[in-house]
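Here is a short briefing for a newcomer. Look over the sequence and the model before reading on.

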Amino acid sequence: MSALETALARLRDAAPAAEQAGLEEPLAEQLNRSGVGFAAVGGTVEQRWLQAIRELQDCIRPLAGSPPVLNEGGVYAGTWIESTGTINTEMLSRFAAETATETFRIYSTHQREDGMIPYKVTADGPGFSQIQIVTPLARSVWNHYQLHSSDESAAAGRDWLQQMYATMARYDEWLMTYRNTRGTGCVEAFSTFDTGHDLSPRFWFVPDRCYQGEATQFDPEAPTIPFLAPDLTANVACQRYYLAKIAAELGEDPTPWEVKAEASVKALFEHCYDPADGTFYDLDAQGKQVKVISDVLLRVLACEIGDARFFAQALERYVMNSAHFLSHYGFTTISLSDPRYDGDHTRNSWAGPVHFLTQLRAPHAFEHHGRPAELMIANRELLSALSAAEHFPQGIDPWSGDAGFTSSYSPSILWMLDTVERMFGVLPLPTGEIAFTGLAPTRLDPSHGGTGKAGVSTAAEAIAYSRTVGGAHYELAADDDQVITYRDGQQHLSFPRGWRVMTERTGKPVAVVGVAARPVTGTLASAEGSLKLTLAPNERVDLSGMRIARRTSPGFVAPRAS
């Protein structure tokens, strides 16, 4: 048998992933319902994927009388709204929908009487000493609802959506009451921990915590706060756009939320954007820009701020530029050119090293603008580094790829699970489509620094992945040249490495996208016929049957070093 056939046979012959990983309830049943499975011939990716599933279980436990919910993991005992309660749970949604529902709900359960959502919930209860918002909760809630509203076991129907909507609407009012003290329409940072930027030079001479441990107060002796914070303002702008979607779904007029969202975007660009530098800065209480080029830009972009042209310029100047954020192992948290950059990955520092939270948030920006090819470049060597590591850390050394601080950390665990599906798996989308992507991990390069461990080769010869979507069981098998998919055991599609095929939930192809960094020529074959194409990076061909209906492309930005 070929390596591809061997991978597929191993996938089909193996025990369910939950059994292989030794899982218990509630995760085992939820994972079994998802139908996910993974096998690889050669390399270390399969072992690390199973380890991720196993350690994910350690991150799921009750908090303050709740049902089992996702915990941040590692040294962080509890759930944090900036990560666990938003982007982490949004990724968990595809693997353990019921646990995701309850993790979102815990923030509604513990909402304060004045409308504030806790920044964390631990076994001791909720915390309210800072806001710590990054990923918009409303988008994560909406995407979870879109995926699971018809699944009774997920308990994410209209009643749940109504509960979360009321919670988020009250919190929006709280933010405008207590975090708009300067009357600009921007959301203000009172402390370092309001954005979760521990040890970042962005917040030098700013208190770590809000005054007297209360998020409505800032230290009156600190001369530079409140900051008009671009990432907090972008969060609320994006939050309001998705609250509009939720309002419409619930039969309300979305217009008021849309108007508020536009006002937030206007305030963001008026007060925090520097057109000469092409990035966003805090504006301190003295009216001065806090000129630290940080992952604030990445956070704003992940909140879907800016059009296609704006995003392309940001990629060209900063994001895909190794003089700023693009390291060999993912995106740094401070520009590599900033003299305050510190790459120490052995502690919880946002002063430079690659953080898995940054990587987990990044797909929203790239996929929103139809640019998966750049994302695949940024992820590939990081996948090699994590596949060679022995634990799931908070961060990575951008120079060597060595794993850093803490272990069993849910953002890196979920990044692993998401990246496998996004690069060479079966990815169900909130739009109702399914993405089958063909960049098997056959070209992982262990030659740089810490990933070049003696006797460790991360690359596989071939892989196979499975997932159940809409009652149909899909399998994807791929090697270094080709991809073959199956639907309920019958061959479904075939296409070359470097493409992503989008289908309806019925499995019918609706589009093909170039995800490789160079043009790829090949043939898409399905039960409806075949179509020969050449696809440039990020080029999308929409299909009508097996005919070309439309070609579009946002262009492509290759890594640069200047």
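The points below go from the whole protein to a set of paired strands.

This is a predicted model: local features need pLDDT of at least 70, side-chain atom pairs count only at pLDDT 80 or more, and totals for chains, interfaces and linings use all residues. Residues are numbered from 1 along each chain as its sequence is written.

**Whole protein**
- The protein holds 15 helices and 28 strands. Helices (H or I, at least four residues) and strands (E, at least two) are DSSP runs, numbered from the N terminus.
- The radius of gyration, taken over C-alpha atoms, is 23 Å, which agrees with the value near 24 Å for a compact globule of 562 residues. That rule is 2.2 Å times the number of residues to the power 0.38.
- The C-alpha trace spans about 70 × 50 × 50 Å along its principal axes.
- Of the 562 residues, 63% count as buried, meaning under 20% relative accessible area with a 1.4 Å probe, protein chains only.

**Strand S20 and its partners**
- S20 covers residues 472-478. Six of its seven residues are buried.
- S19 (residues 462-469) runs antiparallel to S20, with seven bridges between them. Two strands pair if DSSP finds at least two bridges between them.
- Ala464 stands opposite Ala477 in S20.
- S21 (residues 482-487) also runs antiparallel to S20, joined by five bridges.
- Tyr474 has Arg487 in S21 as its bridge partner.

**Hairpins**
- Two residues lie between S19 and S20 in their hairpin, where Gly470 takes a positive phi near 60°.
- Three residues link S20 to S21 in a hairpin.

Key
Side-chain values use heavy atoms; hydrogens and water are left out. Buried means under 20% relative accessible area, exposed over 50%, partly exposed in between (1.4 Å probe, protein chains only).
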